[in-house]
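Reader: I am in my first year of study and should be grateful for a close look at one part of this structure. Would you please begin with a single aromatic side chain and its surroundings, and then place it within the chain as a whole?

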Amino acid sequence: MGRIGRTIGLVGGVVYIAGMFLHYVEVGSQSQTIWQAADRLDVVVLILVLGAIACLALSFTVPSRLLPAVAAALGGAAFAFVTPIDAQTLDPFAIGMWVTALSGLAIVIGSLLAASQPEPVDAYRAPPQPGPPAAPGPPPA
């Protein structure tokens with residue numbers, strides 16, 4: 001389940017970045033992406049998502065619960081920054097907001113799955129290589 005969670009989180013991160021280029025808000029006949037509508041928040045969110053992706057990718061090789069937990073926190077922050085929870089109506093928001101919101105949730109859910117079910121340490125070790133037998137130790141005294 002840990003690898004599935006990592007994969008869900010990674011896919012969520014990639015889709016999140018793609019969603020940042022979709023129309024985020026539409027007012028009248030004008031529509032803007034998050035890159036156009038936000039002032040520096042877009043860069044902060046991109047850094048958060050890239051950090052989550054890096055933690056999840058690294059967690060494939062390092063047996064740790066900390067890396068997916070950090071990815072969950074970063075994904076949760078990215079979700080919170082772009083989801084208009086305090087908006088009175090969701091009418092002006094376009095597909096980009098929905099894609100980034102759902103992708104942020106995918107990062108969080110996948111990361112929490114990975115943190116709750118880590119791979120065993122032996123899964124990351126290389127199989128033993130055949131070699132010459134060990135030399136016998138000194139004779140007992």
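Author: Trp98 has a relative accessibility of 39% and is therefore counted as partly exposed, since that class lies between the limits of 20% and 50%. Please bear in mind that the model is predicted. Trp98 belongs to helix α5. Together with Leu22, Leu90 and Ile95, Trp98 makes a nonpolar patch of about 360 Å² on the surface.

Let us turn to rings that pair with one another. There are 2 aromatic pairs in the model. One of them joins Phe21 and Trp35, whose ring centres lie 5.6 Å apart and whose planes meet at 35°, a tilted arrangement. The angle is called tilted because it falls neither under 30 degrees, as stacking requires, nor over 60, as an edge-to-face pair requires. This pair connects distant parts of the chain: Phe21 sits in the loop between α1 and β1, Trp35 sits in helix α2, and 14 residues separate them. The partners are covered to unlike degrees. Phe21, at 55% relative accessible area, is exposed, whereas Trp35, at 26%, is partly exposed.

Tyr24 and Phe93 form an edge-to-face pair, with 5.9 Å between the centres and 80° between the planes. Here, too, distant parts of the chain are linked, for Tyr24 lies in strand β1 and Phe93 in the loop between α4 and α5, 69 residues apart. Tyr24 has a relative accessible area of 12% and is therefore buried. Phe93, at 18%, is likewise counted as buried, because the limit for that class is under 20%.

Strand β1, which holds Tyr24, deserves a word of its own. It pairs with β2, residues 30-33, in the antiparallel sense over 4 bridges. In this pairing, His23 has Thr33 of β2 as its bridge partner. The hairpin of β1 and β2 has 2 residues between the strands, and Gly28 takes a positive phi near 65° there.

Helix α4 offers a further example of long-range contact. Leu74 is found in this helix and, with a relative accessible area of 22%, is partly exposed. Its C-alpha atom is 5.4 Å from that of Leu48, although the two residues are 26 positions apart along the chain. Apart from neighbours within four places in sequence, Leu74 is in contact with Leu48, Gly51 and Ala52.

Charged side chains give a brief contrast. Side chains of opposite charge can pair when their charged atoms come close. The whole structure contains 1 salt bridge, formed by Arg40 and Asp39 with their closest N and O atoms 3.6 Å apart. Both Arg40 and Asp39 are exposed.

It remains to place these details in the chain as a whole. The secondary structure consists of 5 helices and 2 strands, which follow one another from the N terminus as α-β-β-α-α-α-α. Of the 141 residues, 35% are buried. Among contacts with a separation of 6 or more, 74% are between residues 24 or more positions apart; Leu74 and Leu48, 26 residues apart, illustrate such a contact. The chain exposes about 8500 Å², and carbon and sulfur atoms supply 69% of that area. The patch that includes Trp98 belongs to this surface.

Definitions and conventions:
Residues are numbered from 1 along each chain as its sequence is written. This is a predicted model: local features need pLDDT of at least 70, side-chain atom pairs count only at pLDDT 80 or more; totals for chains, interfaces and linings use all residues. Side-chain values use heavy atoms; hydrogens and water are left out. Rings of Phe, Tyr and Trp (its six-membered ring) pair if their centres lie within 6.5 Å; planes under 30 degrees apart count as stacked, over 60 as edge-to-face and the rest as tilted. Buried means under 20% relative accessible area, exposed over 50%, partly exposed in between (1.4 Å probe, protein chains only). Patches are made of residues with over 30% relative accessible area and no salt bridge: like charges are joined within 9 Å, nonpolar side chains (Val, Leu, Ile, Met, Phe, Trp, Tyr) within 5 Å. Accessible areas come from the Shrake-Rupley method with a 1.4 Å probe; for residues, only the protein chains shown count as cover. A salt bridge is a side-chain nitrogen of Lys or Arg within 4 Å of a carboxyl oxygen of Asp or Glu. Contact means heavy atoms within 4.5 Å. Two strands pair if DSSP finds at least two bridges between them.
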